[in-house]
Amino acid sequence: MSFRWGIAGFGWVARDHMLPAIAAAGHELVAIADPSSTARASAEALGAFASPDVTGLLAKRPDAIYVATPNHLHLAPVAEAAASGTAILCEKPIAATLDQAEALVAATGAVTYGTAFDQRHHPAHRAIQREIAAGAIGQVTAVRIAYACWIDPAWRPPGQTEVSNWRADPAAAGGGAVIDLGLHGLDLAEMLVGEPLDRLQITLQRRVHDYPVDDGGMLVGRFAGGALLQSHVAYNCPEVLPRRRLEVLGDKGMIVALDTMGQSAGGSVQLTCGRSGDTRAIRFDTDLSPFTAQALAFAAAVAGGAHDFSGTRDLNLMRLFCTAHEEALACL
Ligand SMILES: NC(=O)c1ccc[n+]([C@@H]2O[C@H](COP(=O)([O-])OP(=O)(O)OC[C@H]3O[C@@H](n4cnc5c(N)ncnc54)[C@H](O)[C@@H]3O)[C@@H](O)[C@H]2O)c1
């Protein structure tokens, strides 16, 4: 029998990325919950049961619930699902504030919980992880990220007409570009280096867009073993420019991934040898999207298989992030 998903918050990411992933994984969407009648109608058109609230969704007894509401509304559906014993894959950031995130992870109790850091599951990033673990670039010295897009005040998620741009609302989003985009890279870098970050500093900017949240930021940190992190994220980068780049530098070589950070399959990865300067492509499955890989991995976790989802790890990262973010906000 195929894995049965429920979705709380049937908006952009659920519709455009999780829904195709559910289909590609051979799973089933059984029910959604969304207060928007438009969102419910689009789910019903797909044959899914649609409820205005999470109670109605959980009555369909899905194997797991994927929570993709705006950031400040993650906690309630997660707590209700956990109370019913349903496994939870919750979108990033865990929540809009650290208090909400602490309450959310505490509420998950013994149910299988994962934060939807989909980039962790991108086959290119798994291939990079294997190369690093095999010693292909020696000792990792630094991870450098550029991950940016364009979100102006009038921006709406694709296909949304009735939802306002909650990403520009500090209470709903918890911040701007940095809380939205930066945590992806922090989590991914921790996975690649195989160590948690133990230091993080953030500098925010409000440079281009007229809204009350940051439209860009620079994150600088250090991993427990001494490798460094540098990440530039932004909402103020025209989308035709190169804007998705990941570099992992070691004392014996360097890996560069282009256009792998994001929600879609594909991109390219190249390794340069630190002695000869020769390059070779690192091969990976360019058809498997990070969302499909994530759905498959989460279903395997629910079935009791080995996995690397961890609410505790994600909360530790959120604590480090929120401390640095608070300091940065004071200087914005
Ligand atoms: N992993 C990624 O790459 C990625 C990409 C985009 C968004 N996200 C995350 O996904 C989440 C949703 O983002 P989005 O862009 O899809 O937003 P969106 O505004 O397009 O969709 C949110 C949906 O939640 C619904 N909603 C509001 N309150 C609700 C409630 N109490 N119960 C159920 N549904 C409710 C809204 O009606 C809307 O349909 C955010 O946390 C965001 O950070 C992650």
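This passage describes the ligand site of a predicted model, followed by two backbone features found in its loops.

The natural place to begin is the ligand itself. In this predicted structure, the ligand sits in the largest pocket. A shell of 29 residues surrounds the ligand, and the closest among them are Trp12, Asp34, Asn71, His74 and Arg167. Sorted by class, this shell is made up of 14 nonpolar, 9 polar and 6 charged residues.

It is helpful to ask which parts of the fold build this shell. Both domain 1 (4–116) and domain 2 (119–287) contribute, each with at least three residues of the shell around the ligand. As for helices, at least two shell residues come from α1 (12–24), and at least two come from α8 (177–193).

Readers who want to set up the site for their own calculations may like to see individual polar contacts. Oxygen atoms of the ligand take part in several of them. One such contact involves the backbone: a polar backbone atom of tryptophan 12 lies 2.9 Å from an oxygen atom of the ligand. Tryptophan 12 is also listed with the closest residues of the shell. Histidine 74, another of those closest residues, places an N or O atom of its side chain 2.9 Å from a ligand oxygen atom. For glutamine 263, the distance between a polar side-chain atom and an oxygen atom of the ligand is 3.0 Å. How much of the ligand does the protein bury? The ligand taken alone exposes 850 Å², and the protein buries 91% of that area.

Away from the description of the ligand, two details of the backbone deserve a look. The first concerns a peptide bond: lysine 92 is joined to proline 93 by a cis bond, with omega near -15°. Proline 93 belongs to the loop between β5 (87–90) and α5 (98–108). The second concerns arginine 61, which has a positive phi of about 50° although this residue is not a glycine. Arginine 61 also lies in a loop, in this case the one between α3 (54–58) and β4 (64–67).

Technical notes: Residues numbered from 1 in each chain as written. Predicted model: local features only at pLDDT ≥ 70, side-chain atom pairs only at ≥ 80, totals over all residues. Heavy atoms only, no water. Near = heavy atom within 4 Å. Polar contact = N/O pair within 3.5 Å; in protein donor to acceptor, adjacent residues only side chain to side chain. Areas by Shrake-Rupley, 256 points an atom, 1.4 Å probe, with all protein chains shown as cover. 1 Å grid on protein atoms, 1.4 Å probe; cavity = no way out; pocket = protein on both sides within 12 Å on 5 of 7 lines; lining within 4 Å. Sits in = over half its atoms within 2 Å of the grid points. Helix = DSSP H or I, 4+ residues; strand = E, 2+ residues; numbered from the N terminus. Nonpolar A, V, L, I, M, F, W, Y, C, P; charged D, E, K, R; others polar. Domains from an automatic or database assignment.
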